[in-house]
Amino acid sequence: MEPKAWLRRINRNRVLFPLGALVLLVIVASSLSRHFLTPMNIKNVLSQVSIIAILAAGEACVILTGGIDLSVGAVLAISGSVTAVLLKWAGVAMPLAILGGLGVGVLAGALNGLMVAWVRIPSFIATLAMMAVARGGTLVLTNGRPVSGFLRSFRAIAGYAGPLPLLFLITFGVYVLWQLALSHTRFGRYVYAVGGNETGTRFVGVNVRRVKLLVFILAGFCAAIGGIMLDARLNAAYPTAGEGYELDAIAAAVLGGVSLSGGVGSLVGTFFGALVMTVLGNILNLLKVGAFYQYIAKGLILAVAAISLSRGVKFAK
Amino acid sequence: MSEENGKRPWVEMRGIHKWFGGVHALKGVDFHVCRGEVVGLIGDNGAGKSTLIKILSGVFPPDKGEILIEGKRVRFRSPRDAKEHGIETVYQELALVDNLDVPGNIFLGREPALVGGRSLLALLHKGRMMREARALLERLKVNIGDLTALAGELSGGQRQTIAIARALYTEPKLLIMDEPTAALAVQETRKVLDLVRKLKERDIGIVFISHTLQEVFAVADRIVILRKGEKVGDFPAAELAIDDAVKLMVGGEESPTR
Ligand SMILES: Nc1ncnc2c1ncn2[C@@H]1O[C@H](COP(=O)(O)OP(=O)(O)O)[C@@H](O)[C@H]1O
Ligand SMILES: [Mg+2]
């Protein structure tokens, strides 16, 4: 096989890389720590991955169009605290409080989309601005203090359905839906097309702006789901919630084979990427590696993944 | 100038101006095409050829001037508007999406749906896309081989054929080709030129842009020459010599036949 053909194969099966990395990591982790494969720890990992993965789902869609969303961590925080404030201080019914949180996420995503697609601000700048505004908004809203102590019915979101955490099932459901949308709807087709050749896609008459707007709305919506999940899991909304999560979300997508230049990758891969990031954090915790070092480790992994995966993945022109 | 061999123009552009910031890219250009006519559009780099046809295909509006189809004034706000009037374009910048397969490219922007019609959330009818893509390519007698290949994996000639096939899917009245042979090998170029001649027999109007004047003279019925944003010549191809065309393109001397 000529080398180009070989590269193409890799290109199309980008799920193999994160899956392989995951298997390897699990083998290493279980040999390093006796606690790793205990039911307790597995449940813990599945709960943790749910929140990273839901952020990564939205992030991956944005990256597939060739953009980036740096605001997902901060949008998680503001959506989570809006829901918390509505529940605790305003005494709003749970469904409405949740809708309020989701609405804030959608609004933030829509603003990102408008800034990027209509005002034509590069996405990393537009979403950096959103990150600052949303984080500031969270601090203003909560006076910088945690809002904690929710009713049982709300905390039940972080409960179990049989052996599986509910959070995991929610995330899994979102992934199944998003992946089906990406591979079988016109919208999904345009997400890949915009990432592959934005100008060409516009020339055939596709409304590229609307596609971009929608992916940012999706990312905001996913971040809001993550915020509400985190509220339920921690029984509190912390104003600092989700700090640095954009790193995990981007790393999950990139490790999962989503090309930073857009157009290539899948949610299946992203899911494995999120598992890799979470298992990695988990094993570092079990090995009692401090949080500061974990940051460094994750940053390095993102850099290495981005370097190795961006070589030879663009199509030979 | 609206009569050409007794034919009425199908589309007419009148007094078209276009500025890009300080650059006056088109300075009042008149241009028309009849059905079944191949118009070769030539001019030096930067003469305004691409700009003119992008206005004709709805990529951007003219700053001044008007477009008429069958004598009626039209206004294109997007490429989609132009397509709806029967104007399809093969752009100079190969407009295929490298990470989509062949049917994905042919149907980009007008994917057939299982359910959901034209909405963004419609479910794609992938089976029909594959079948119709295959039928279309067979009709045009082009052989691509594996249609599940991604566009980025194909040769320049194959990519260009797909771009042309895509433009022909809706049976347009006017096909615009901006340097369709620029990236092609000799053999592949010949195929494209053959295709152009076949299309002419179907009564499609064609605008053909190329840097290789031999190609233009081989297929065109009429030749329009642009220089620095102005039309400096419009001749039946049979009455123009390549040397004279070159002189008009680069300027400096008086027009040889006018
Ligand atoms: N999108 C654009 N923005 C700014 N200037 C442009 C743009 N497109 C074309 N131009 C300028 O307009 C002039 C005509 O360009 P073009 O139509 O591409 O010429 P041609 O296709 O004949 O080589 C050139 O000076 C070019 O630099
Ligand atoms: Mg040009």
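Across all its chains, the structure holds 19 salt bridges. Keep in mind that this is a predicted model. Side chains of opposite charge can pair when their charged atoms come close, and a handful of these pairs make a good way into both chains.

Let's start in chain A, with helix α10, which runs over residues 198-203. Here Arg202(A) pairs with Glu198(A) in a salt bridge, with 3.7 Å between the closest N and O atoms. Both partners sit in this one helix, four residues apart, or about one turn. An α-helix has 3.6 residues a turn, so residues three or four places apart point the same way. Neither end of the pair is hidden: Arg202(A) counts as partly exposed because its relative accessibility is 34%, and Glu198(A), at 28%, is partly exposed too.

Chain B repeats the theme in helix α4. Glu132(B) and Arg128(B) form a salt bridge whose closest N and O atoms are 2.8 Å apart. Because they are four residues apart in α4, about one helical turn separates them. Glu132(B) has a relative accessibility of 23%, so it counts as partly exposed, and Arg128(B) is partly exposed as well, at 32%.

Now move along chain B to helix α8, residues 242-250, where Asp244(B), Ala245(B), Leu248(B) and Met249(B) are buried. Looking down the axis of α8(B), you'd find these buried residues within an arc of 140 degrees, so they line one face of the helix. Turned away from that buried side is a face carrying the exposed residues Asp243(B) and Val250(B). Asp244(B), one of the buried residues, also takes part in a salt bridge with Lys247(B), the closest N and O atoms being 4.0 Å apart. The two are three residues apart in α8, so about one helical turn lies between them. Unlike buried Asp244(B), Lys247(B) is partly exposed, with a relative accessible area of 37%.

Not every salt bridge in chain B belongs to an isolated couple. Glu12(B), Arg14(B), Glu66(B) and Arg73(B) are linked in a network of salt bridges. Elsewhere on this chain, positive charge gathers on the surface: Arg139(B), Lys141(B), Lys198(B) and Arg202(B) make up a patch there. One of its members, Lys141(B), sits in the loop between α4 (126-139) and α5 (156-168). With 68% relative accessibility, Lys141(B) counts as exposed, because anything over 50% does.

For a contrast, look at helix α1 of chain B. Eight of its eight residues, 49-56, are buried, so the helix is largely enclosed by the rest of the structure. Among them are the nonpolar-looking names you might expect, but Lys49(B) and Lys54(B) are on the list of buried residues as well, along with Ser50(B) and Thr51(B). After α1(B) comes Gly58(B), which has a positive phi, near 85 degrees.Back in chain A, the surface offers a nonpolar patch. Leu107(A), Leu111(A), Leu114(A), Trp118(A) and Val119(A) form it, and together they have about 460 Å² of accessible area. Leu114(A) belongs to helix α5, residues 94-117, and counts as partly exposed because its relative accessible area is 36%.

Following the chain into the loop between α5 and α6 (123-142), you reach Arg120(A). Its backbone deserves a look: phi of Arg120(A) is near 60 degrees, a positive value in a residue other than glycine. Arg120(A) is also exposed, at 58% relative accessible area. A comparable case turns up in the loop between α6 and β1 (147-148), which holds Asn143(A). Asn143(A) is not a glycine either, yet has a positive phi of about 55 degrees. With a relative accessibility of 54%, Asn143(A) counts as exposed.

Two spans give a sense of distance across chain A. Asn235(A), in the loop between α11 (208-234) and β4 (236-237), is partly exposed at 24% relative accessibility. Its C-alpha atom is separated by 36 Å from that of Gly66(A), 169 residues away along the chain. Leu284(A), in helix α13 (residues 267-286), counts as buried at 15% relative accessibility. Between the C-alpha atoms of Leu284(A) and Arg189(A), 95 residues apart along the chain, the separation is 39 Å.

Note on methods. Residues numbered from 1 in each chain as written. Chains lettered and ligands numbered in written order. Predicted model: local features only at pLDDT ≥ 70, side-chain atom pairs only at ≥ 80, totals over all residues. Heavy atoms only, no water. Patch = residues over 30% accessible without salt bridge, like charges linked within 9 Å, V, L, I, M, F, W, Y side chains within 5 Å. Areas by Shrake-Rupley, 256 points an atom, 1.4 Å probe, with all protein chains shown as cover. Salt bridge = Lys/Arg side-chain N within 4 Å of Asp/Glu carboxyl O. Lys, Arg positive; Asp, Glu negative; His and termini not counted. Charge placed at Lys NZ, Arg CZ, Asp CG, Glu CD. Buried < 20%, exposed > 50% of the residue type's maximum accessible area, 1.4 Å probe, protein only. Arc of directions from axis to C-beta.
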